[in-house]
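The following note sets out comments on the model for a colleague's consideration. The points begin with a single residue and then move to wider features.

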Amino acid sequence: MAMEAILYGSNRLYDHLAILFNMFINFGSLPSGFMQSVIIPLVKNKSGDLSDTNNYRAIAISQSISKLFEATLEAYMKSDSDVENHQFGFKAGHSTALCTNVLKQTVDYYTNRGSYVFACFIDFQKTFDKVNYWKLFLKLLDDDIDNKIVRLLSVRYTKQMCYVRWQNVVSAGFSMGNGTRQRGVLSPYLFSRYIRELLQIIVGTAIGCFIVNHCFNVLAYADDLMILARLGMVSNVCLTYYWYSLC
């Protein structure tokens, strides 16, 4: 179904879609077409080594009605944690530009008072691909997300079938045991929820830069983290260890 059919459909179409989506949730089942996605590898650096797998990033193409269903489920996802204030990459009304602005203002605040700010940049490799499904689902249950929604997500992720398309050739289907769906509507929220405890550990140390009573010791550009401190650079060894314990 083309996206235009959904955009310009009548109210009768929306009624049928609402009935269909409610059946998915109540019975915890999805048709096979909803759990299929085509992965398209895109070259990061065209002048680089095209035979190097690290020179590619993948995007997953799904059906338009599947994306609409994810957008419907997004309304049931909630978070009341204050640590989300340190995440800028995957939130409505926020951007990495806003995160950069917070960084500049924090640095200016200290340098204008004759102090220094030390920064440690942490870039985890293939973070989206390393998300453990079952740990993620347990975290959603801890947030009191409706167990029917979590059950449906578990079915969608654990039974999904993926295909790789390169030029005009499509591979045989294969299953995936971890990772969020690239460019999925829910993926930004799910990933932010997955790393929340990591941010809580950093914020909970209360070590870093303070402006009035607000702590600015970690800024999250989506999956890239920046650690800030006045007196020294915070080691990222423990953070890296904690990340791999999450995976």
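1. With a relative accessibility of 3%, S37 counts as buried. S37 belongs to strand β1, which covers residues 36-43. Beyond its neighbours within four places in sequence, S37 is in contact with A60, I61 and S62, with Q160, M161, C162 and Y163, and with R181. The reader should bear in mind that this is a predicted model.

2. On confidence, the mean pLDDT of the protein is 81, and 90% of the residues score at least 70. Among the elements, helix α2 has the highest mean pLDDT, 91, and helix α9 (residues 237-246) the lowest, 45. Over residues 232-247 the pLDDT stays under 50. The model nevertheless has 35 contacts beyond four places in sequence for residues 232-247.

3. As to overall composition, the protein has 9 helices and 9 strands. Of its 247 residues, 39% are buried. Among contacts with a separation of 6 or more, 70% are between residues 24 or more positions apart.

4. Which residues touch the most other members of the largest nonpolar core? They are F69, L140 and L153, in a core of 31 residues. Helices α2 (11-27), α3 (64-74), α5 (133-142), α6 (147-158) and α7 (187-194) each contribute at least two residues to this core. The largest share, 6 residues, is that of α6. Not counting neighbours within four places in sequence, L153 contacts L73, M77, F137, L140 and L186. There is also a second, separate core of 11 residues, with C120, F124, I202 and A220 among them.

5. The packing of α5 against α6 merits description. Their axes lie 10 Å apart at an angle of about 170°. The two helices, α5 and α6, are therefore roughly antiparallel to each other. Their crossing is right-handed. On the α5 side the residues involved are Y133, W134, F137, L140 and L141, and these meet N147, V150, L153, S154, Y157 and T158 of α6.

6. Within this pair, is S154 buried or exposed? S154, a residue of helix α6, is buried, with a relative accessible area of 12%. Apart from residues up to four places away in sequence, S154 touches W134 and F137. Both W134 and F137 are listed among the α5 residues that meet α6.

7. Helix α6 also packs with α3. The axes of α3 and α6 come within 12 Å and cross at roughly 150°. At that angle, α3 and α6 are therefore roughly antiparallel to each other. The crossing of α3 and α6 is left-handed, whereas that of α5 and α6 is right-handed. Contact is made by S66, F69, E70 and L73 from α3, and by I149, L152, L153 and R156 from α6. L153 is thus listed in the contact with α3 and in the contact with α5.

8. Helix α7 is largely enclosed by the rest of the structure, because 7 of its 8 residues are buried. The buried residues of α7 are S187, Y189, L190, F191, S192, R193 and Y194. In helix α8 (residues 196-204), the buried residues include R196, E197, L198, L199 and I202. I202 is also one of the members of the second core. Just after α8, A206 adopts a positive phi of about 55°.

9. How is Q87 placed? Q87 lies in the loop between α3 and α4 (96-111). Q87 is buried, with a relative accessible area of 1%. Not counting residues up to four places away in sequence, Q87 touches S192 and I195, together with A220, Y221 and A222. Of these, S192 is a buried residue of α7, and A220 is a member of the second core. The C-alpha atoms of Q87 and C99 are separated by 8.4 Å, the two residues being 12 residues apart along the chain.

How values were computed
Residues are numbered from 1 along each chain as its sequence is written. This is a predicted model: local features need pLDDT of at least 70, side-chain atom pairs count only at pLDDT 80 or more; totals for chains, interfaces and linings use all residues. Side-chain values use heavy atoms; hydrogens and water are left out. A nonpolar core is a set of buried Ala, Val, Leu, Ile, Met, Phe, Trp, Tyr and Cys residues joined through side-chain atoms within 4.5 Å. Buried means under 20% relative accessible area, exposed over 50%, partly exposed in between (1.4 Å probe, protein chains only). Helices (H or I, at least four residues) and strands (E, at least two) are DSSP runs, numbered from the N terminus. Contact means heavy atoms within 4.5 Å. pLDDT is the predictor's confidence in each residue, from 0 to 100. Axes are lines fitted to C-alpha atoms, for helices over the stretch in contact, and angles run from 0 to 180 degrees between N-to-C directions. Angles under 35 degrees count as roughly parallel, over 145 as roughly antiparallel, 65 to 115 as roughly perpendicular and the rest as oblique. A crossing is left-handed if the near helix is turned anticlockwise from the far one by less than a right angle, and right-handed if clockwise.
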